[in-house]
Every structure is written in structure tokens, then in C-alpha cells.
Amino acid sequence: MRLWHIDVIAYLPKGQLLSQWRELNSIFAKEDQHILINYIYEYPKEDLYLYTEKVMAEMKKRGYQIRTYEKKNHYFKDLGPVKDRKPFQQHHNQEYLEICFYNLKEKFIRGQKDYEEEMYQQLCTYVNNVL
């Protein structure tokens, strides 16, 4: 279980993006505990909400259908207005960006079928400009 660095969401292959939505729904339903995501509970729920909105926006941009918002709506039902900002500031840092980049690089190199070269090259360009 992983929440990808927020800045790589736009560069995720279809499989990872759809899996991200499933993982978020699992968090909404059970508040999963896992070594790779436990940090999210150190932040206000607004951070997870902003992250979720970014994932949903990318899914919609690509034309993927979201069947239900039930778990998300229930999880955030008591949340008031949320000010736009970058979520998970301390954890979604430069080091974590590198970790996620190399994870995605390996998927591309190993031939993940749904990881198109154009998207991977866009990720490389972004990461080279940031790092």
C-alpha cells in the first residue's frame, strides 16, 4: 500500500492510478494501517481530502469512471471548507519524490504494459526539473 507522491499522480500508469483510488477507498472504509501510509494519520483530514481530489481529477481527466463516492463522502462528512495547499508537506518531500520516481522507473524498465513511453518521459522531464 502506498500513496504516491502528489506530484507524480499525473504521470502514473493506468494500473497505479486506479490502484491509488482503490487504496484510498480502503483507507476511507477501514483506516488501514500500513508502514507506507501511517504518516497520513499525523496530518489533518484536509490533507487526505486534497490528495483524494487530485487523484479524482486525474482519473476524470483521463476519462476513467468513478462508480461511487460513498466511502469518500462518509469519511469526509464532517469536513468543513478546505483551503487549497500541498498536502503531506513533511512526507511528500524531495526524498519521497525520488523514491516514487525510481519505483515508477523500474516499472517502465521492466515493461509494465500500460506504462506508455510518452508518460514516462514526461515524468523524467518533471523530475529532472525539480531535482
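This report looks at the fold, one helix pair and the largest pocket of a predicted model.

Local features need pLDDT of at least 70 and side-chain atom pairs count only at pLDDT 80 or more, while totals for chains, interfaces and linings use all residues. Residues are numbered from 1 along each chain as its sequence is written, and side-chain values use heavy atoms, leaving out hydrogens and water.

Let's start with the fold: the protein has five helices and zero strands (DSSP runs, H or I of at least four residues for helices and E of at least two for strands, numbered from the N terminus). The radius of gyration, 15 Å, is close to the 14 Å that the globule rule gives for 131 residues, so the protein is as compact as a globular protein of that length (taken over C-alpha atoms; the rule is 2.2 Å times the number of residues to the power 0.38).

Now to the helix pair. Residues of α1 and α2 in contact (heavy atoms within 4.5 Å) are tabulated here.

| Helix | Contact residues |
|---|---|
| α1 | L17, L18, Q20, W21, L24, I27, F28 |
| α2 | L48, Y51, T52, V55, M56, E58, M59 |

By class, this contact has eleven nonpolar, two polar and one charged residues (Ala, Val, Leu, Ile, Met, Phe, Trp, Tyr, Cys and Pro count as nonpolar, Asp, Glu, Lys and Arg as charged, and the others, Gly among them, as polar).

Finally, W21 and M59 also appear in the lining of the largest pocket, along with R22, N25, Q65, I66, R67, T68 and K71 (a pocket is an open set of points on a 1 Å grid over the protein atoms alone where a 1.4 Å probe fits, with protein on both sides within 12 Å along at least five of seven lines; lining residues have an atom within 4 Å of a point). Helix α1 (residues 14–30) gives the largest share of this lining, three residues.
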